Amino acid sequence: MKNNDLTLKEVSLKEIWQVLMVNKLIITSIVALFAIASVVIAINLPNMYRSEIKLLPSGDSTSSLSSLAGSLGGLASLAGVNLSGGKQGNTLLAIEMLTSRSFLEKFVVKHDLLVDLIAAEGIDKKGKLTYNEKLYDFGTKTWIRDVHYPKPVIPSAEDIHLRFSEILVIESNAKTGLVKLSLTFFQPFIAQQWLTLLTQDINAFIKNKDIIETTKNIDFLREALAKTENKAMQESVYQIIEEQMKTLMLAKVRDNYVFNIVDPATFPEIKASPKRALICIATTLFGMLLACMFVLIRHFYRKSLSR
């Protein structure tokens, strides 16, 4: 029984080989078409350049406020004042904000990047951006892209967020705290510039947030201090005010409030993608597989009809 199965298997493999040899012209033609198509596609794909920046959370922290705030009991919590703070919280917030729709939309509007972000499709021989004329009309300076309701003609926060999700990558190391941002774009200078601006803006955003919150905390604590005559409570409030003043001072004088720059945004001199050789090889191999499947399916289908 085993010998019969082996014979059938050998005959089947032999038949497959014969079918492939008989149809080698068809297979070669299909593979050639895929190879030519892959070369055309690979040549026409625009180069993409990746800039990277390495950041480290700033060393100062206001986490000591947590223990001090405990001496106030429910006083701060009842007033809605957050005295815990801390480097880690700001770092996590900054990373989340970098991928948020609201922050990215404000970033794009502030620096007037919408046309370059959405309508750019490559660069010319001089390194200048080229644009998709079906999306934006430079003559009238209006968006003309063909979209369907409820999507607006002018790119929205959702469009901005989706585009950044394609070009911006954030990596964080839990052990070292190191954060690496990488941004890929058609023009190397723009990739470097946008990455630098993102770092500056997220530092400024968290900095301004902490200045506003800390100022409110200090005002509240001063009001609480004026209302209490308990010396122990007053001492605790004085300590917390002192810590809050330190936080406020650091926020006002430090530009790199959340992240210190370990390695500035690089100017990418070598393209990150596309891998044209890999595209050609993969597409050609796929064409060969598809051609073999086609001739084999056709052969066995005809064979089954003739029975």
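Rings of Phe, Tyr and Trp pair if their centres lie within 6.5 Å. In this predicted model, such ring pairs link F103, F107, F164 and F205 into a cluster. The structure holds nine aromatic pairs.

**The main core**

F164 also belongs to the largest nonpolar core, which has 46 residues. F164, L183, F185 and L198 have the most contacts inside this core. The elements giving two or more residues to the core are β1 (49-57), α5 (87-97), α6 (101-111), α7 (114-119), α8 (157-167), β7, α9 (188-227) and α10 (231-253). Helix α9 supplies the largest share, ten residues.

What does F164 touch, leaving aside its neighbours within four places in sequence? Its contacts are L104, F107, V108, L117, L183 and L198. Two of these partners, L183 and L198, are themselves among the residues with the most contacts inside the core.

**Helices α6 and α8**

Two packed helices are described by the angle between their axes and the distance between the axes. The axes of α6 and α8 come within 9 Å. They cross at roughly 95°, so α6 is roughly perpendicular to α8. On the α6 side, the contact is made by R101, L104, E105, F107 and V108. On the α8 side, A157, E158, I160, H161 and F164 take part.

**The β6-β7 hairpin**

Strand β6 (residues 168-172) pairs with strand β7 (residues 179-185). The sense is antiparallel, over five bridges. I170 has L181 of β7 as its bridge partner. Six residues lie between the strands of this hairpin. There, G177 takes a positive phi near 80°. Strand β7 also gives residues to the main core.

**Helix α11 and the N-terminal side**

Apart from the largest core lies another core, of eight residues, among them V31, A291, C292 and L296. V295 is found in helix α11. Is V295 buried or exposed? V295 has a relative accessible area of 1%, so it is buried. Leaving aside its neighbours within four places in sequence, V295 is in contact with V19, L20, N23, I26 and I27. I26 is 269 residues away along the chain, yet the C-alpha atoms of V295 and I26 are separated by 8.0 Å.

An aromatic pair also involves α11. The rings of F34 and F286 have centres 6.0 Å apart, with planes at 65°. Planes over 60 degrees apart count as edge-to-face, so this pair is edge-to-face. F34 lies in helix α2 (residues 24-44) and F286 in helix α11 (residues 276-306), so the pair ties together parts that are 252 residues apart in sequence. F34 counts as partly exposed at 23% relative accessibility. F286 counts as partly exposed at 49%.

**Backbone features in loops**

The table gathers cis peptide bonds and positive phi values outside glycine.

| Residue | Feature | Loop |
|---|---|---|
| P150 | cis bond from Y149, omega near 10° | between β5 (142-143) and α8 |
| P274 | cis bond from S273, omega near 0° | between β8 (259-263) and α11 |
| D112 | positive phi of about 55° | between α6 and α7 |
| K141 | positive phi near 55° | between β4 (136-137) and β5 |

Are D112 and K141 buried or exposed? D112 counts as exposed, at 64% relative accessibility. K141 counts as exposed, at 61%. The loop of D112 lies between α6 and α7, and both of these helices give residues to the main core.

How values were computed:
Residues numbered from 1 in each chain as written. Predicted model: local features only at pLDDT ≥ 70, side-chain atom pairs only at ≥ 80, totals over all residues. Heavy atoms only, no water. Phe/Tyr/Trp six-rings, centres within 6.5 Å; stacked < 30°, edge-to-face > 60°. Helix = DSSP H or I, 4+ residues; strand = E, 2+ residues; numbered from the N terminus. Buried < 20%, exposed > 50% of the residue type's maximum accessible area, 1.4 Å probe, protein only. Pairing = 2+ DSSP bridges. Contact = heavy atoms within 4.5 Å. Core = buried A, V, L, I, M, F, W, Y, C linked by side-chain atoms within 4.5 Å. Axes fitted to C-alpha atoms, helices over the stretch in contact; angles between N-to-C directions. Parallel < 35°, antiparallel > 145°, perpendicular 65-115°, else oblique.
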